[in-house]
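Grab a coffee and work through these exercises with the structure open beside you. Try each task before reading its solution.

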Amino acid sequence: MDVTPRYLGAGSFLSRRDPRVLLLVPVLHLAAVAGIDDLRPVLACTAVALLYYRAAGIPWRGVRANWTFMLTFTTLLVIVNSVLTPADTRSWGSVLFTVPLAHTDVTWATLSYAATILVRYVSLAMVGFPVAFAIAPADFGVAFARLGLSQRLAYGVDLTFRFLPSTWASLRETVDAQRLRGYEHSRSRNPVKRLLTLRPVVVPVTVNALVDAEDTVNAMDLRAFGGRHRTWMRELAFDRADLLVLGGFAAMAAAMLVARILGLTQTVWVP
Amino acid sequence: MTALIEVRDASVRYLSTGQAALGATSLTVGPGDLTLVTGPSGCGKSTLLRLLNGLIPHAYRAEVCGEVLVGGRPVAARTIRDISTIVGTMLQDPRRQIVGTTVAAEIAFGPENLGLPREEIRRRVEEVAGRVGVTHLLDRATAGLSGGELQMVAFAGVLAMAPRVVVVDEPLANLDPAASLRLMREIRRFVDEGGAAVVVEHRVEEMLEFGPGEVLYLEDGATRYLGPVEGFLRMAPAGHVKLPFPTLVARAGELPAVTPPPRREGEDAVPRLEYQGVALAYGPRRVLTGVDLALGAHERVAVLGPNGAGKSTLLRAAVMLVAAARGEVLVDGSPVAERSIAALATTFGYVFQNPGQALFSATVGRELAFGPRNLGRGPEQIARDSADVLRAVLLDGEKDIMDRPPRTLSFGQQRRLTVALALVMRPRTLILDEPTAGQDLRTTTAFLGHALAAESVESVYFITHDVDLALTYADRVVVVDKGRVVADASPAELARDESVWSKAGLRATSLVRAVRDHLPPAPPGASEPLRPSPGRGAGSVPHPFDLARALSSHAPGPSGSSNPFPQEGTTCS
């Protein structure tokens, strides 16, 4: 498994945006779609999210596995939470069928609400994926710093991306080293026992990471890290396209918020 | 001219351990100086570096006596940030030093921290990238760079701070000879252009080529020598630091006796490890192709080659840490894929480069028991085997060794313990991955001695960058380069093959040249004038000390008119 950050959307419209745009859009989109029970406005927001996602230019083959995992996980979550155990207020209308074993009545309202939740998750993924795949890894730190995070925490984000691959490599190396000593991960059903059998891997990886971190902290100190003023070589400035994208999502969030306050989107839509 | 660094009778005692790490030491470094600091592991070299760059007293709790001045002012009165504009530091392992996700971000890191204007930062990034030849890498992710590239990028990151002196910790430890040469040339150029450098390195021979003006030799925290190279070569303990071969010849009379490790004889009817048209890959990334090789059950084989050539991958296939994408890997004549991990663990003992990679138990006793217990061995047998292997690696003399936490052992002891962890599985072949990287000559000799002398072990295969180590301890050397096996010969044959030394990231050492010049292939039926160590086969190279003694006894006399070697204190080209 490769955990190196993948900059799949390089060169796309979104990758040319100020990275702060890509960090703020998911927040605005979440504000727009949260708490809406009506499928229609969620579909409208999702159409906007789809356009946004297409603008990220992320190749399908690069994220096929991510989408498969995301769709499988959210579909199961929605089925369990919205179909198998629906709230009474969302199961009105004529019963289409009853789920065996769970004895839950499924109506059009149940299905519509489940679709709303699923589509909401998908739309959030559409605006979230560009954060992972269309922001240059080196831009995260400066983007967070310019969003008001402290210099140390912001650079901590950069360091995470820098050391994720090497920590993963260290984990693999340790697993290899222990396998050659006959180590196999427990297949026991007892979670405590399973956790304890991870010790031969977790302890060396953690201790090595701490030892390495001391050198890294020294190396950073020796290059003057930690001063009050720091210049980020990458200069960030919103251009017109950035402001248009942000303005569009802000307007959508505001509109949906108003609609929610007015009670226009709180009813489950049944065709 | 004002000295850039002045150390006046400085001594250091760490408050955390209460131990004195450095005795009264003095050193002056001015513009144009290249100073070599050398000595065995634990001699105080790293502590001295920490004094020079301000980590002591600013980051480590230590009692410092004497005086350390950087740029004419005491380090204690300056901040590390302030000192970093004068003293640039390169750590031994660039992977721990590099913090930027891309090369450009890494080089810019220091100037960014200094709060320089963006234009100035960009100018410095372009300038130093061009200077050290990494401009083509600027947009690359640092995670994907080779060891040699990482080292050059780390150096560029240091130069971008515009320091006046660089202190460099063991620059040759993790690099193949060609990459080391590139880095040291850059350091030399930095010095020639008015900078200064303090290089900590125990591989003295390689360093002499770059003309250090002064050598500081430390032992047990004390200064044993400070002065010009010539004097150092006359006094340096030959068993502790790696000296040029001509120096060994000149000092042949004082060289310690060498006892070659015993070897296990036996018939090699079936190779222990055989590759038949093998290609090895990690996912889509192919590392080695077209490998046809058979390693004997009673051979000592060294695998040489540049960083990233596929040396480790080659031997990892023996224990199924990488599977063959094409062809077949056979162990004792049967496909490796058909063997269980337990069967492989008792055939091959694999010792990883980092001793901390596997240590997790509360005590040495439990650490040793972990592997055999996984194989289903009983407590009595485990206790017996544990005691045996600790004796084999000379750790049995340590007080309460079985009850000691493994990580409280010194680095050298931890390395020996990793050999013990492999031996306690009772393997027939030991595989050592970079067994001596960053180790001094004495530790290297002791470590390999233990590994080669282990009772149950029939064969040893080891991966190394150290050409002399390969020539001295192996019966056979396999050279890997650019994903292929490019040479497979006895040490003497390899030394004589000049074409190998101009390729494959290798450089001919003075020992290689001595073998080439003084160990001609013996004609059929004739006796060789200089025989290899007892127990080693034809084509082997004698231990450098034995070879130096033999050549010295053949030399005509002190006038040296016909002595084929350069005079002491000079380097060989």
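## Exercise 1: A helix over two strands

Helix 16 (residues 411-423) of chain B lies across strand 16 and strand 17 of chain B, at about 160° to strand 16 of chain B. Keep in mind that you're looking at a predicted model.

**Task.** Work out how strand 16 and strand 17 of chain B pair, and where they sit in their sheet.

**Solution.**
1. Start with the pair itself: strand 16 of chain B and strand 17 (residues 429-433) of chain B run parallel, with four bridges between them.
2. For a landmark, find F348(B), which stands opposite T429(B) in strand 17 of chain B.
3. Now zoom out. The sheet is open and has six strands, in the order 16-17-18-13-19-20 (chain B), with mixed pairing.
4. Its edges are strand 16 (348-351) and strand 20 (484-489) of chain B, each of which pairs on one side only.
5. From one strand to the next, the twist averages 15°.

## Exercise 2: A covered strand

**Task.** Take strand 8 (residues 196-200) of chain B and decide whether its residues are buried or exposed. Then find its partners.

**Solution.**
1. Check burial: five of the five residues are buried, so with a cut-off of 20 or more other C-beta atoms within 10 Å, strand 8 of chain B counts as mostly covered.
2. Sort the side chains by direction. A196(B), V198(B) and V200(B) point one way, while A197(B) and V199(B) point the other way.
3. That fits the usual pattern, because side chains in a regular strand alternate between the two faces of the sheet.
4. Look for one partner: strand 3 (residues 34-38) of chain B pairs with strand 8 of chain B in the parallel sense over four bridges. Here L34(B) has A197(B) as its bridge partner.
5. Look for another: strand 7 (residues 165-169) of chain B is also parallel to strand 8 of chain B, joined by five bridges. V167(B) is opposite V198(B).
6. Trace the connection. Strand 7, helix 8 (residues 177-192) and strand 8 of chain B make up a right-handed β-α-β unit.

## Exercise 3: Where the chains meet

**Task.** Which helix of chain B supplies the largest share of the side that touches chain A? See how covered that helix is.

**Solution.**
1. Get the overall count: 51 residues of chain B contact 44 residues of chain A.
2. List the helices. Those supplying at least two residues each include helix 3 (80-83), helix 6 (118-132) and helix 14 (364-374) of chain B.
3. Pick the top contributor: helix 5 of chain B, with six residues.
4. Note the make-up of this side of chain B: 29 nonpolar, 15 polar and seven charged residues.
5. Back to helix 5 of chain B: eleven of its eleven residues are buried, among them F109(B) and E112(B). The cover includes helix 6 and helix 7 (147-159) of chain B.
6. Just past helix 5 of chain B, G115(B) has a positive phi of about 70°.

## Exercise 4: A loop residue

**Task.** Why does L519(B) count as buried?

**Solution.**
1. Place it: L519(B) is in the loop between helix 21 (510-518) and helix 22 (544-554) of chain B.
2. Count its neighbours: L519(B) is buried because 23 other C-beta atoms lie within 10 Å, and the cut-off is 20 or more.
3. Finally, compare sequence and space: L519(B) and A495(B) are 24 residues apart in sequence and 9.6 Å apart from C-alpha to C-alpha.

Methods: Residues are numbered from 1 along each chain as its sequence is written. Chains are lettered from A and ligands numbered from 1 in the order in which they are written. This is a predicted model: local features need pLDDT of at least 70, side-chain atom pairs count only at pLDDT 80 or more; totals for chains, interfaces and linings use all residues. A residue is buried if 20 or more other C-beta atoms lie within 10 Å of its own, exposed if 12 or fewer, and partly exposed in between; C-beta atoms are placed from the backbone. Two strands pair if DSSP finds at least two bridges between them. A crossover is right-handed if, with the strands pointing away from the viewer, the path from the first strand over the helix to the second runs clockwise. Axes are lines fitted to C-alpha atoms, for helices over the stretch in contact, and angles run from 0 to 180 degrees between N-to-C directions. Two residues are in contact if their C-beta atoms, placed from the backbone, lie within 7 Å. Ala, Val, Leu, Ile, Met, Phe, Trp, Tyr, Cys and Pro count as nonpolar, Asp, Glu, Lys and Arg as charged, and the others, Gly among them, as polar.
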